[in-house]
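Welcome! Please take a moment to turn the structure around and follow the chain from one end to the other. Then let us walk through it together.

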Amino acid sequence: MNNRQNDPGEVVLYKTEDGKTALDVRLAGETVWLSLNHIAELFSRDKSVISRHLRNIFATGELSKKAVVAKNATTAADGKIYQVEYYNLDAILSVGYRVNSKRGTQFRIWVTQTLKDHLVRGYTLNKRRLRGNNNLPPTHLAYIRNLRIIAL
């Protein structure tokens, strides 16, 4: 199993359009990581519903638990340190396509539109993330330089 203790990654705030849900999202290893609690909050569903979907995703072989789950030490309000499982973007997307909620529907619409845009254009850029971010990985910077060359 992956261990992200030594790589906490960048933490960004995700906020839904209606402002009702805001999450600290960890970006590490070129993916997004959310805890079970955060996934439940993202899709406005109970943790037990999200757990059931994840169990089914792993049981059917859609995803390998070893590939999409990482443990991270987290300090709770009581001061104790707990190992919390975090799920990467692949798991979040799989749950998002299974969950039945208004927030799940909004998520599927957004993901489908983003994928469609990517397929039609041949690329996807996150302008907000690129704007003023000097901490991009070298592979991203090289890709951006290549895009500039092509555009000329």
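In this predicted model, a good place to begin is the largest nonpolar core, which has 21 residues. The members that touch the most others are Ile39, Phe43, Ile50, Leu54, Phe58, Tyr87 and Ile92. Several elements contribute to this core: β4, α1 (36-42), α2 (47-59), α4 (89-96) and α5 (102-121) each give it at least two residues.

Let us pause at one of these core residues. Which residues does tyrosine 87 touch, leaving aside those up to four places away in sequence? Its partners include the run Val32, Trp33, Leu34, Ser35 and Leu36. Tyrosine 87 also touches Ile39, Leu54, Phe58, Val68, Val69 and Ile92.

With the core in mind, we can step back to the whole chain. The protein chain has seven helices and six strands. Starting at the N terminus, their order is β-β-β-β-α-α-α-β-β-α-α-α-α. Buried residues account for 30% of the 152 residues. Among the contacts with a separation of 6 or more, 47% are between residues 24 or more positions apart.

Now to the strands. Strand β6 (residues 81-88) pairs with β4 (residues 31-35) in the antiparallel sense, over three bridges. In this pairing, tryptophan 33 is found opposite asparagine 88 of β6. Strand β6 is also joined to β5 (residues 69-75), again running antiparallel, by seven bridges. Here lysine 71 faces glutamate 85 in β6 as its opposite residue. Between β5 and β6 there are five residues, and the two strands form a hairpin. In the turn of this hairpin, glycine 79 has a positive phi of about 90°.

Asparagine 88 leads us onward to helix α4. This residue caps the N-terminal end of α4, with a side-chain oxygen 3.0 Å from the backbone nitrogen of aspartate 90. Within α4, the buried residues are Ala91, Ile92, Ser94, Val95 and Gly96. They pack against β4, α1, α2, α3 (65-68), β6 and α5.

The packing of α4 with α5 deserves its own look. The axes of these two helices are 9 Å apart and meet at an angle of about 120°. By class, the residues in this contact are four nonpolar, two polar and one charged. On the α4 side we find Ile92, Leu93 and Gly96, while α5 brings Gly104, Phe107, Arg108 and Val111.

One last stop is a loop. Most residues other than glycine have a negative phi. What is the phi of serine 44 near? The value is near 55°, which is positive although the residue is not a glycine. Serine 44 sits in the loop between α1 and α2. With a relative accessible area of 43%, serine 44 counts as partly exposed, because this class lies between buried, under 20%, and exposed, over 50%.

Notes:
Residues numbered from 1 in each chain as written. Predicted model: local features only at pLDDT ≥ 70, side-chain atom pairs only at ≥ 80, totals over all residues. Heavy atoms only, no water. Pairing = 2+ DSSP bridges. Helix = DSSP H or I, 4+ residues; strand = E, 2+ residues; numbered from the N terminus. Core = buried A, V, L, I, M, F, W, Y, C linked by side-chain atoms within 4.5 Å. Buried < 20%, exposed > 50% of the residue type's maximum accessible area, 1.4 Å probe, protein only. Contact = heavy atoms within 4.5 Å. Polar contact = N/O pair within 3.5 Å; in protein donor to acceptor, adjacent residues only side chain to side chain. Axes fitted to C-alpha atoms, helices over the stretch in contact; angles between N-to-C directions. Nonpolar A, V, L, I, M, F, W, Y, C, P; charged D, E, K, R; others polar.
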